[in-house]
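Subject: Handover of a structure and summary of findings

Dear colleague,

Please find the structure below, together with its sequence. A summary of what was found in it follows, arranged by topic.

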Amino acid sequence: TSLLLQDTLQMSLQRYVNALLAIPGAANARAIYLPSQAEGLTSNAAGGRIYTHANTPSGRLVRQGDGFGLRFNGTSDIATTPDANILSFGDGTNDSPFSMAGVVQIAASAAVRTIIAKWTVTAGREYLLTFNASDGLVFQMGDESVPVATLRTSDAAVPVNRTIFVSGSYTDATGSATAANDITLYVNGKVVASTATNQATYVAMEAGTGVLNIGSIGGGGSFFAGILYMAMV
């Protein structure tokens with residue numbers, strides 16, 4: 001006799017999630033957003049965090065293998081999850097190593113497009129992972145008390161209208177005035193050439209109280225345009 005086992009949709013989705021998370025290594029991930037087939041105005045995503053959408057995901061879901069992506073319109077689509085201590089990586093004096101990542105398909109656009117950000121003028125500018133108007137990948141950290149931002153930008157544009165995995169890691173090897181030197185950018189798992197923009201007065205991020213944004217910076221603006229399959233910090 002033989003036994004034929006067929007995956008349920010949930011089992012297939014879990015395999016898809018596990019495969020995505022294995023790319024950057026997510027054992028200590030603080031927040032993960034992955035669109036699901038049952039996506040509503042609020043969703044319980046991987047890691048147990050609750051995300052709230054500004055616009056209903058209905059009609060915007062795109063199947064990708066065993067999982068789904070969500071199409072962002074570049075003007076108003078955004079998801080947020082509440083502030084938590086574990087979502088901050090600086091105390092105003094010292095920074096901690098951390099990474100940000102996304103599986104995305106960005107649309108060509110002469111505008112900044114944000115994957116993930118904890119960055120608001122009123123509740124603290126901490127960190128963000130974006131594409132600039134030239135399609136370069138940008139990893140940025142802010143010292144709210146100055147205020148200044150230290151960042152690293154890829155020298156070449158990333159591919160548009162193609163599914164890619166992008167990420168950036170900060171090691172805090174030197175920190176402070178040379179913090180941008182501690183950032184490495186990756187596209188599809190490979191280190192890409194990039195340029196650091198350091199700030200002599202940068203000390204460390206401060207633990208702000210703003211929400212974590214998926215698809216925009218805090219308070220709106222710099223909206224993501226394209227399809228987002230995963231965002232993680």
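Asp-77 and Arg-60 are both buried residues. In this predicted model, their side chains form a salt bridge, with N and O 3.2 Å apart. The pair joins distant parts of the chain, the two residues being 17 residues apart. Asp-77 belongs to the loop between strand 5 (67-73) and strand 6 (79-81), whereas Arg-60 belongs to the loop between strand 3 (50-53) and strand 4 (61-64). Arg-60 also lies over the face of an aromatic residue, Phe-72, at 5.7 Å from the ring centre.

Further salt bridges

The whole structure contains five salt bridges. One of them connects Glu-126 with Lys-118, whose closest N and O atoms are 2.6 Å apart. Glu-126 and Lys-118 are both buried. Another is formed by the side chains of Glu-144 and Arg-125, at 2.8 Å from N to O. This pair, too, links distant parts of the chain, with the two positions 19 residues apart in numbering. Glu-144 is found in the loop between strand 10 (137-143) and strand 11 (148-154), and Arg-125 in strand 9 (residues 124-131). Glu-144 counts as partly exposed because its relative accessibility is 22%, and Arg-125 counts as partly exposed because its relative accessibility is 22%. Salt bridges with shared partners also join Asp-83, Lys-118 and Glu-126 into one network.

Thr-120

Strand 8 (residues 113-120) includes Thr-120. Is this residue buried or exposed? Thr-120 is buried, because its relative accessibility is 11% and the cut-off for a buried residue is under 20%. Its side chain reaches the backbone nitrogen of Ala-123 at 2.9 Å. Apart from neighbours within four places in sequence, Thr-120 is in contact with Arg-125, Gly-218 and Gly-219. Arg-125 is thus a contact of Thr-120 as well as the salt-bridge partner of Glu-144.

Asp-182

Asp-182 is situated in the loop between strand 12 (164-170) and strand 13 (183-187). Which side chain of opposite charge is nearest to Asp-182? That side chain is Arg-152, at 7.6 Å, and Asp-182 is buried yet has no salt bridge. A polar atom of the Asp-182 side chain does, however, lie 2.7 Å from the backbone nitrogen of Gly-175. When residues up to four places away in sequence are set aside, Asp-182 touches Ser-169, Tyr-170, Thr-171, Asp-172, Ala-173, Thr-174 and Gly-175.

Aromatic residues

How many aromatic pairs are found in the whole structure? The search gives seven. Ring pairs connect Phe-89, Phe-98, Tyr-127, Phe-139 and Tyr-170 into a cluster. Tyr-170 therefore appears twice in this summary, as a member of that cluster and as one of the residues touched by Asp-182.

The chain as a whole

The protein chain has one helix and 17 strands. It comprises 233 residues, of which 48% are buried. Among contacts in the chain with a separation of 6 or more, 64% are between residues 24 or more positions apart.

With kind regards

Conventions. Residues numbered from 1 in each chain as written. Predicted model: local features only at pLDDT ≥ 70, side-chain atom pairs only at ≥ 80, totals over all residues. Heavy atoms only, no water. Helix = DSSP H or I, 4+ residues; strand = E, 2+ residues; numbered from the N terminus. Buried < 20%, exposed > 50% of the residue type's maximum accessible area, 1.4 Å probe, protein only. Lys, Arg positive; Asp, Glu negative; His and termini not counted. Salt bridge = Lys/Arg side-chain N within 4 Å of Asp/Glu carboxyl O. Polar contact = N/O pair within 3.5 Å; in protein donor to acceptor, adjacent residues only side chain to side chain. Contact = heavy atoms within 4.5 Å. Phe/Tyr/Trp six-rings, centres within 6.5 Å; stacked < 30°, edge-to-face > 60°. Lys NZ or Arg CZ within 6 Å of the ring centre and 35° of its normal.
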